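Hi,

Here's the structure I said I'd pass along. Have a look at it first, and then read on for my notes.

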Amino acid sequence: QVQLVESGGDLVQPGGSLRLSCVVSGSGFSISAMNWYRQAPGKQREVVVRRTSGGDTVYASSVEGRFTISRDNAKNTVYLQMNGLKPEDTAVYYCNEPRSAGFVAWSWGPGTQVTVSS
């Protein structure tokens, strides 16, 4: 059983920064394959950053240049550094390991709330 626990969300002003963490426990997962997702109020969950089958990292155009993913295999943790936050970044953020056709490998964690507001 794989568990995903996200943390680090907060209320920040526009232009601020946050670092989110996703700690993964259990067996059978791949830290290197983990993506970050987010779901804004009233919207579908979307991919924020993903790793392609070729190993490239691809960011959503809306966060390109502002967000950076990193991974610590020893700690089974994936991070998302978010800089230059905008109100439209307000959402609950999740991590998960992708499967084909838009599915994910594991049950969703609780997510972490990021609110960007003045």
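In which sense do β9 and β10 pair, and over how many bridges? They pair in the antiparallel sense, with three bridges between them. Within that pairing, Val92 sits across from Gln113 of β10. Before you go further, keep in mind that this is a predicted model.

β10 has another neighbour too: strand β2 (residues 11-12) runs parallel to β10, and two bridges join them. On that side, Leu11 has Thr115 of β10 as its bridge partner.

The side chains of β10 (residues 112-116) are worth colouring by burial, since they alternate along the strand. Thr112, Val114 and Val116 point to one face and are buried. Gln113 and Thr115 point to the other face and are not buried. So the two bridge partners named above, Gln113 opposite Val92 and Thr115 with Leu11, both belong to the face that is not buried.

Now the cysteines. With sulfur atoms within 2.5 Å as the cut-off, the count is one disulfide. Cys22 and Cys95 form it, and their sulfurs are 1.7 Å apart. The torsion about their S-S bond is about 40°, which makes the disulfide right-handed. Cys22 is in strand β3 (residues 18-25) and Cys95 in strand β9 (residues 91-96), so the bond ties together parts that are 73 residues apart in sequence. Are these two cysteines buried or exposed? Both Cys22 and Cys95 are buried.

That's what I have for now.

Cheers

Conventions: Residues are numbered from 1 along each chain as its sequence is written. This is a predicted model: local features need pLDDT of at least 70, side-chain atom pairs count only at pLDDT 80 or more; totals for chains, interfaces and linings use all residues. Side-chain values use heavy atoms; hydrogens and water are left out. Helices (H or I, at least four residues) and strands (E, at least two) are DSSP runs, numbered from the N terminus. Buried means under 20% relative accessible area, exposed over 50%, partly exposed in between (1.4 Å probe, protein chains only). Two strands pair if DSSP finds at least two bridges between them.
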